[in-house]
Amino acid sequence: MIKIKKFLVRPFPEKSESLLGYCCRLAIANFFDENELSNIIFGRTSDIRSRDQQKRKKLQTSLINLTDFENIGDLFNTREWHTEFKHLFEYKIQKVCISCLQEKPFIQALWDFKHYIVCHRHLEVLIDYCDICGDKYDCYSAVVQQCKNCGNKLRKREENLSHSLDSISNYLSEAEIFEKQNLSYTLTKLDLRLRKTVPFIHMLSESSTRKANRQRQQDPKTYVKLQAEADHLAMNKDDGAKALGNMIATSIDIQGISPAISSYSTYINDAKSDHFKTVLQESIEIHGSEFGNRQITVQFICKLWNMEEPKLLRALDQIDPNLRSGKKVVKCRDLSNKIGEIKNVYTILSNR
Ligand SMILES: [Zn+2]
Ligand SMILES: [Zn+2]
């Protein structure tokens with residue numbers, strides 16, 4: 001175990017810095033690596049990134065003792081929020097804005113947010129890999145501004161200039177993640193906003209989350225436009241419903257509507273936000289006639305409009321027995337034309 005009372009070189013922690021980034025800067029300034037820093041604090045390697053509450057606490061108090069900087073306790077640590085908000089962060093790679101690094105070489109906590117993709121100060125797309133050897137950046141490469149694999153200097157890329165700041169990156173940049181008291185509330189709000197946008201990112205990536213993730217990492221400049229478009233659709237319900245309607249109309253097949261929307265079930269079942277569900281309702285109510293004779297199951301209608309199956313079946317038969325002709329399916333066109341009436345009769349039946 002390496003024993004140290006105080007670090008000889010003690011870089012001043014920046015308010016907007018990530019805790020892990022600070023650890024990296026502190027280690028490098030004192031000619032240690034991350035494992036050695038971990039050894040100094042925990043007596044063993046690789047505990048710096050631990051999500052364990054006690055270890056996080058120990059890391060914080062040890063860093064304060066070893067540097068005398070009380071405000072280290074305020075630095076943002078994604079690990080602290082791993083249980084609740086894991087999906088908000090990028091854990092394995094380090095995105096950076098080269099211009100920010102050139103001004104002051106420290107890791108901004110905002111860069112760790114998965115959907116923060118354009119620097120709000122420089123309008124540059126953040127990058128996370130070396131364009132010479134292809135290696136992914138980590139904290140170390142970022143702080144020393146040099147690729148740890150090939151040794152080339154981190155440099156600005158021409159194609160990284162974005163024309164504008166996308167609204168999600170902007171929203172994140174204004175979130176008060178450095179106000180510790182309200183942090184849980186702030187992250188909940190961020191999470192809800194992203195729950196609205198993510199289904200549309202999925203839709204614009206041809207209904208493939210994997211494709212969206214790959215593009216975010218390999219072609220960030222195109223991804224910026226995609227994220228901006230998704231956010232627009234999420235925030236403007238009518239446009240969102242129309243786009244969703246177009247997607248369903250082009251991917252619908254002979255089996256009906258289910259295969260076209262099967263990959264959206266996580267968003268439909270999202271217990272924390274019913275936003276996507278309501279957009280999909282609107283999409284089927286307004287654009288359902290474009291899906292023609294394709295069928296939608298009674299089961300799915302129940303799920304989407306929160307109805308009970310026996311009552312819905314009765315309501316359908318009361319309006320017109322030909323709507324389902326004894327089966328548990330309805331034509332999209334009929335559903336779209338009659339949805340107002342179906343909801344009314346269903347309510348009357350429910351109130352009896
Ligand atoms: Zn920047
Ligand atoms: Zn490299």
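1. A word on terms to start: the domain bounds used here come from an automatic or database domain assignment. With that in mind, the C-alpha centres of domain 1 and domain 2 lie 22 Å apart. Their contact draws six residues from domain 1 and seven residues from domain 2. On the side of domain 1 that touches domain 2, three residues are nonpolar, one is polar and two are charged. Please keep in mind as you read that this is a predicted model.

2. If you would like to find the domains in the viewer, the assignment places domain 1 at 19-75, domain 2 at 98-196 and domain 3 at 251-351.

3. Now for the overall form. The protein has a radius of gyration of 26 Å, whereas a compact globule of 352 residues would have one near 20 Å. Along the principal axes, the C-alpha atoms fill a box of roughly 85 × 45 × 30 Å.

4. The secondary structure consists of 17 helices and two strands. Of the 352 residues, 33% count as buried. Looking at contacts between residues at least 6 apart in sequence, you will find that 65% join residues at least 24 apart.

5. Helix 7 is a nice place to zoom in. This helix spans residues 167-174, and Ile168, Ser169 and Leu172 are buried in it. These residues are on the same side of helix 7 because they cover an arc of only 100° around the axis. What do the buried residues of helix 7 pack against? Their partners are helix 8 (183-204) and helix 10 (220-235).

Methods:
Residues are numbered from 1 along each chain as its sequence is written. Chains are lettered from A and ligands numbered from 1 in the order in which they are written. This is a predicted model: local features need pLDDT of at least 70, side-chain atom pairs count only at pLDDT 80 or more; totals for chains, interfaces and linings use all residues. Helices (H or I, at least four residues) and strands (E, at least two) are DSSP runs, numbered from the N terminus. The radius of gyration is taken over C-alpha atoms; the globule rule is 2.2 Å times the number of residues to the power 0.38. A residue is buried if 20 or more other C-beta atoms lie within 10 Å of its own, exposed if 12 or fewer, and partly exposed in between; C-beta atoms are placed from the backbone. Two residues are in contact if their C-beta atoms, placed from the backbone, lie within 7 Å. The arc is that of the directions from the helix axis to the C-beta atoms. Ala, Val, Leu, Ile, Met, Phe, Trp, Tyr, Cys and Pro count as nonpolar, Asp, Glu, Lys and Arg as charged, and the others, Gly among them, as polar.
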